[in-house]
Amino acid sequence: MRHKRQSGRAVGASRVTALVVTVLALLAGAGAAVADEVVPVGPSDSAAQVVAKAASVTPSPRQLAWQRLEQTAFLHFGVNTYDGREWGTGTEDPNIFRPTGLNTDQWAASLKGAGFKEAILTTKHHDGFLLFPSAYSRQSVAASSWAGGHGDVVKSFTTSMHRAGLKVGVYLSPADLHEALPGGKYANGSTPKQVTIPAQTSEVKDGVTFSFASDDYNAYYENTLYELLTRYGRIDEIWWDGANPTGRTQPYDFVNWITMVRRLQPQAVIFNDGGPDARWVGNEIGIARTSEWSPLPFTGDPATAADSILAVPGGNSAADLGSDAVLGRRNGANSAWSGVRWTPAECDATLTAQQHWFWHPGDTDRSEAALENIYYGSVGRNCNLLLDVPPDTDGVFDAPTLKALTTFGTALSGTFSKNLATGAVAANDTGTANTSGHAPAAATDNNLDTSWQSGRTAGGLVLTLSAPRTFDVISTREDLNVGQRVESFAVDAWSGGGWSQIATDTTIGNRKLIRLHRPVTTNRIRLRITSSRANPAIAELGLYLRPAAGRGLIGAVAE
């Protein structure tokens, strides 16, 4: 698979946050979290104390904004689009890259219409070909006859996305098959030496330079990364693949790279297998775990963890990453962990049924049912969806791709454009009291920064609708400003003078979506939190009805 990963190492500099006393206060029922994205764990902390600390971890502002995007498009475009490969060789003639009708405005309009909030472009894949002219390489669009050697796909892409109001991400492959060729910089055995980034003074932006001890390849990578981070306006996500098809060992100076991103684009979320800001879910089919936790334990230095690439306990594909059982693991008498860090998951998948990332003639796109299953299995399970949508050799989305995007977007907008719980009267269930500042009405005010919070780790919220409503999708969302705490919940509908349970589930996080096998009609709905690590804070309880044509399209991801 194209995203076969390799582990990174701990890097960076950040801060230690949240004292144990604060965590215990939260567990006792304080309404607002004061912890940050990293909470240290002491060797003598009990399993219960580690779980309590996990309940206090909250996302950084960049992570919170990123999680609320929910849908991001992945655009694989480059020489592989023209030679039919998924992984190139590094020997490609740049002149094969000749899009005859590049239209990044079409990309932006199509993606926005389908509900995407961000797009990430492969500015350099493993073959080493750059989609922007670089001062440090001739293996780029500048060496193609396309646009007379003056083309810049990244410039066109970022301009179109920004103009359409979409956020922008860039993928710059750490591996580089072109630089791995004889005479190249990749894994050439060079000794690190002191360098200034950027190497060419004409590339310096706003007087910002970096002094690093870098080998030849890291210096090259850092110079091209600087170009990306300073030429194209705001960048919202940096995507670092873990694949290495070169078969050679090249250390990556993630310390330096992260330092550059934090200085030049401080709002940008950094994705890698082990963070620091977002992690790979562990598969490439777009499906998260049923219980997907954002607070995960780690080993390493808590003082640098917020800016570090750290191994995910058990590996990204492990069935359980953040449960109480994982958090409570011991090494003898001591905790197995150094701390707990907010590390949300990103689910990547292809639009093509063949699971190709680059465009290939004759590929077919996934059906509406398959795309809906991916959406509910990713966005609906506390994971951001990263769906690959590849442009063709003309530089546009072809007709089948446009049709798939339209069908997908129509199905989602037809479901989520109207929350049937809007206007409902919210109240505490019998035996439940809310904490101060977290009244029941906050769960229906369409504001994800306010929330209803039970005064204990269980409790119920009741919505009385203005009239009977028919729905088949239930949406619950936690207030991530407080943290991710819910471990299990149930939903009941009022029928025949009593409550009838219609759904149960485990974690919530940013969002949990439940598709019912058949629509339910009622004028009262109840959310029961049955287990939570600390006082749960619910930002939304929503009810939705899928279009009639889409009902019954519940496949692998069914409730």
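This passage describes a three-stranded sheet and several salt bridges in a predicted model. Local features were accepted at pLDDT of at least 70 and side-chain atom pairs at pLDDT 80 or more, whereas totals for chains, interfaces and linings use all residues. Residues are numbered from 1 along each chain as its sequence is written, and side-chain values use heavy atoms, with hydrogens and water left out.

The open sheet comprises 3 strands in the order β1-β13-β10 with antiparallel pairing, where strands are DSSP runs (E, at least two residues) numbered from the N terminus and two strands pair if DSSP finds at least two bridges between them. Its edges are formed by β1 (38-40) and β10 (295-298), each of which pairs on one side only. Between β10 and β13 (residues 339-342) the antiparallel pairing extends over 4 bridges, and Pro 295 stands opposite Trp 342 of β13.

Across the whole structure, 24 salt bridges were found, a salt bridge being a side-chain nitrogen of Lys or Arg within 4 Å of a carboxyl oxygen of Asp or Glu. One of them joins Arg 262 to Asp 307 at 2.8 Å, N to O; because Arg 262 lies in helix α8 (residues 254-264) and Asp 307 in the loop between β10 and α9 (324-327), the pair ties together parts that are 45 residues apart in sequence. Helices are DSSP runs of H or I with at least four residues. Arg 262 is buried at 15% relative accessible area, as is Asp 307 at 12%, where buried means under 20% relative accessible area with a 1.4 Å probe, protein chains only. Both residues belong to a salt-bridge network that also includes Arg 62 and Asp 277.

Key:
Buried means under 20% relative accessible area, exposed over 50%, partly exposed in between (1.4 Å probe, protein chains only).
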